[in-house]
Amino acid sequence: MLATLRQAVEIESPSDDKAALDQCGAYLAREFARRGAKVSMHSQPTAGDHLKAEFPGRAGAKPLLLLGHFDTVWPLGTLEKMPFRVENGRAYGPGVLDMKAGIVMMMYAMRALRSANEANHRPVTVLLDTDEEIGSTTGRPLVEAEARNCEAVLVLEPAQGIAGALKTARKGVGDYTLHVRGRAAHAGVDFEKGRSAIVELSRQILEVTKFTDVARGLTVNPGVIHGGTRTNVIAADAWCEVDVRIARAADAQELEQKFRSLRVFDPDCTLEVTGGVNRPPMERTEGTVRLFRTAQEQAKTLGLSLDEAATGGGSDGNFTSALGVPTLDGLGGVGEGAHAVHESILLEQLPRRTAMLACLIESL
Ligand SMILES: [Zn+2]
């Protein structure tokens, strides 16, 4: 597993580099095919080609979907500063936790199952997309189409925290941009003629932060602001990028309504609001809880204890869950530092969690 993982990490695959992604996809396709899957690539004009690998199972049974992505947030060349390495019981490297370990776990769980009982489990479809880290624009339709035919979705994103809890709820995610246009003027000569886009934007920012309702799981974060040109010029242009998170699907519409109802304080400025919620929340449904309980029982037979957790981060599991398909997330690597320089997995958990995944697939 370690050798396969090393190889997968050493073929860097940033979300925005098609050539690199396709190279990584070709490697993964070969590895899945070697383990008995029928592999097909869904070719994309600009995004990396998405990968589907199908393993046969019990005749007539609805398949299970193993879901993941092989794009990473790390640009090409990251390996030079952050090489794949094993140290103190951990493997380090770009994308090792999020989520190349999860992909390798899929391969080895299927290998174990197929060597033990050829076709006693449900058919298994593996779907790996290439733009998850940038919103799954091209992956989403494929993920949704595949999930609709499946009994349940198991997402091999990293587990939560070093204790490795599974994820039974994820917040929905959205982005809004507030763009204010004012009127430029010399700050000394023509002050009264100017209309500061920065001042107007500041007032709008204070408005949207009032939408936050922590108890409800709804947060609004103005994360990036731009605006103005020089200190002696009244700013004609300013905009702000806002991240929103919601715990309940029903809150998306209300939030949308609030953003669209924003009005300028200064009638000589204009305000343009774009964006919206792009990942619905993965709510803790009955189906998800049932899957979690099954995973917990299987873990117990292996001598492992397993907890569940909710997270503010989104994944492709949000889409499948929103369709009503029971979805369990966080079944991948256990470690820490996703998207950070200390990204790593705990090696002792790699075979254990893979065994648990195999048992879970077998029991569904
Ligand atoms: Zn991920």
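Let me start with the largest pocket, which in this predicted model has a volume of about 590 Å³. Its lining is made up of 29 residues, and those nearest the centre are Glu-132, Glu-133, Gly-313, Gly-314 and His-339. If you sort that lining by chemical character, you get seven nonpolar residues, 11 polar ones and 11 charged ones. As for where the lining comes from, helix α4, residues 96–116, supplies at least two residues, and so does each of the strands β8 (166–170), β9 (172–181), β13 (237–246) and β14 (270–279).

Let me stay with β9 for a moment. Of its 10 residues, seven are buried, so this strand is largely enclosed by the rest of the structure. Strand β9 runs antiparallel to β13, with 10 bridges joining the two, and in that pairing Arg-181 stands opposite Asp-237 of β13. Strand β9 also pairs with β14, again in the antiparallel sense, this time over nine bridges, and there Val-173 has Arg-279 of β14 as its bridge partner.

Now to another sheet on the screen. This one is open, with six strands in the order β1-β2-β6-β3-β7-β16, and its pairing is mixed. The edges are formed by β1, residues 38–42, and by β16, residues 327–328, each of which pairs on one side only. Helix α2, residues 18–34, packs on this sheet, where it touches β1, β2 (50–55) and β6 (124–129), and its direction makes about 0 degrees with that of β2. Helix α5, residues 139–148, lies across β1, β2, β3 (64–69), β6 and β7, and runs at about 170 degrees to β6.

At the β16 edge, the pairing with β7, residues 152–155, is parallel and rests on two bridges, in one of which Val-153 is matched with Thr-327.

That threonine brings me to my last residue, Ser-321, which lies in helix α9, residues 317–322. Is Ser-321 buried or exposed? Its relative accessible area is 8%, and because the cut-off for buried is under 20%, Ser-321 counts as buried. Once neighbours within four places in sequence are left aside, the residues in contact with Ser-321 are Met-282, Glu-283 and Thr-327. Thr-327 therefore appears twice in this account, as a contact of the buried Ser-321 and as the bridge partner of Val-153 in β16.

Notes. Residues numbered from 1 in each chain as written. Predicted model: local features only at pLDDT ≥ 70, side-chain atom pairs only at ≥ 80, totals over all residues. Heavy atoms only, no water. Pairing = 2+ DSSP bridges. Helix = DSSP H or I, 4+ residues; strand = E, 2+ residues; numbered from the N terminus. Contact = heavy atoms within 4.5 Å. Axes fitted to C-alpha atoms, helices over the stretch in contact; angles between N-to-C directions. 1 Å grid on protein atoms, 1.4 Å probe; cavity = no way out; pocket = protein on both sides within 12 Å on 5 of 7 lines; lining within 4 Å. Points joined across faces, edges and corners; volume = space filled by probe spheres on them. Nonpolar A, V, L, I, M, F, W, Y, C, P; charged D, E, K, R; others polar. Buried < 20%, exposed > 50% of the residue type's maximum accessible area, 1.4 Å probe, protein only.
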